[in-house]
Amino acid sequence: MTVKIENRASLKTPRNTEKILQAVLETIPREHLRGLTRIVLVDTIVPDQRISLPSGTELPGLYHPKMGGQAPWCEIAMGALLPNTGFFKRLAARLNYKSNLAGILLSLQAQHYCLTIAHGIRKGHLEGAVRSYTEKYYESWRESQGGLRARIFKPFRPWLDRWARSLRKKYEAEQKKKQSA
């Protein structure tokens, strides 16, 4: 069963939006998508009374779990991905559109997986499980989308990761030293 993509947004979405969503869904195993019926693209997400949000918060995506006879589905807000204010904000949003859309879709799908398919995840550990699932499949999607630059830097990746870990460790040690002093 394929996941249906509905575009209900009045905003003009970039032309490859559905192709991007399909490419992201192809990186996820089919059994993790079981039960998820549709992805709806909307202008903004209007949360109902069940969700309490601080004022001024704009949701980029919302997962609707199975309720009664209605199957689970996801909602993605195009207004959060493509703001209409300021030239540089619009430019930055367009440049990061593909990766932001993939990240939001993967996080919504991770919520679906962790809430409905994966068993043994406690409520307190749900956020960490969703984050690790999203990072795992985002990295595999990014590698499948990579071009020349990704192929050039792939051999250097382990070395760069070790370097980043050592720098992070030094930074944390320095922060602890500053807090204790």
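Visitor: Hi! Is glutamate 174 buried, partly exposed or exposed?
Guide: Glutamate 174 is partly exposed, at 43% relative accessible area. One note before we go on: this is a predicted model.

Visitor: Thanks. Which residue does glutamate 174 form a salt bridge with?
Guide: Its partner is lysine 178, and the closest N and O atoms of the pair are 4.0 Å apart. Both residues sit in helix α7, four residues apart, or about one turn of the helix. Lysine 178 counts as exposed, because its relative accessibility is 55%.

Visitor: How many salt bridges turn up in the whole structure?
Guide: A search of the whole structure gives six.

Visitor: What about glutamate 6, which residue does that one bridge to?
Guide: Glutamate 6 forms a salt bridge with arginine 8, with 2.8 Å between the closest N and O atoms. Glutamate 6 is buried, with 14% relative accessible area, whereas arginine 8 is exposed at 52%.

Visitor: And glutamate 143, what is its salt-bridge partner?
Guide: That would be arginine 157, with the closest N and O atoms 3.8 Å apart. Glutamate 143 belongs to helix α5 and arginine 157 to helix α7 (residues 157–180), so this pair ties together parts that are 14 residues apart in sequence. Both ends are partly exposed: glutamate 143 has a relative accessible area of 41%, and arginine 157 comes in at 29%.

Visitor: Let's stay with α5. How many residues does it have, and how far does it reach?
Guide: Helix α5 covers residues 126–145, which is 20 residues, and it reaches 28 Å from its first C-alpha to its last. That is close to the 28 Å expected at 1.5 Å a residue.

Visitor: Which residues of α5 are buried?
Guide: Ala129, Val130, Tyr133, Thr134, Tyr137 and Trp141 are the buried ones in α5. They lie on the same side of α5, because they cover an arc of only 125° around the axis.

Visitor: Why would residues three or four places apart point the same way?
Guide: An α-helix has 3.6 residues a turn, so residues at that spacing point the same way.

Visitor: Nice. Which residues are exposed on the other side of α5?
Guide: Glu127, Glu135 and Lys136 are exposed there.

Visitor: And what covers the buried residues of α5?
Guide: The cover includes α1 (17–27) and α4 (97–117).

Visitor: Can we zoom in on threonine 134? Why does it count as buried?
Guide: Threonine 134, a residue of helix α5, counts as buried because its relative accessibility is 13%, and the cut-off for buried is under 20%. Leaving aside residues up to four places away in sequence, threonine 134 touches Gly103, Leu106, Ser107 and Ala110.

Visitor: Switching to the strands: in what order do they come in the sheet?
Guide: Four strands make an open sheet, ordered β1-β2-β4-β3, with mixed pairing. β1 (4–7) and β3 (61–64) are the edge strands, each pairing on one side only. On average, neighbouring strands of this sheet are turned by 15° against each other, direction ignored.

Visitor: In which sense do β3 and β4 pair?
Guide: β3 and β4 (residues 73–77) pair in the antiparallel sense, over four bridges. As an example, histidine 64 has tryptophan 73 in β4 as its bridge partner.

Visitor: Last one: which strands does α4 lie across?
Guide: α4 lies across β2 (38–42), β3 and β4, and runs at about 25° to β3.

Key: Residues are numbered from 1 along each chain as its sequence is written. This is a predicted model: local features need pLDDT of at least 70, side-chain atom pairs count only at pLDDT 80 or more; totals for chains, interfaces and linings use all residues. Side-chain values use heavy atoms; hydrogens and water are left out. Helices (H or I, at least four residues) and strands (E, at least two) are DSSP runs, numbered from the N terminus. The expected span of a helix is 1.5 Å times one less than its number of residues. Buried means under 20% relative accessible area, exposed over 50%, partly exposed in between (1.4 Å probe, protein chains only). The arc is that of the directions from the helix axis to the C-beta atoms. Contact means heavy atoms within 4.5 Å. Two strands pair if DSSP finds at least two bridges between them. Axes are lines fitted to C-alpha atoms, for helices over the stretch in contact, and angles run from 0 to 180 degrees between N-to-C directions. A salt bridge is a side-chain nitrogen of Lys or Arg within 4 Å of a carboxyl oxygen of Asp or Glu.
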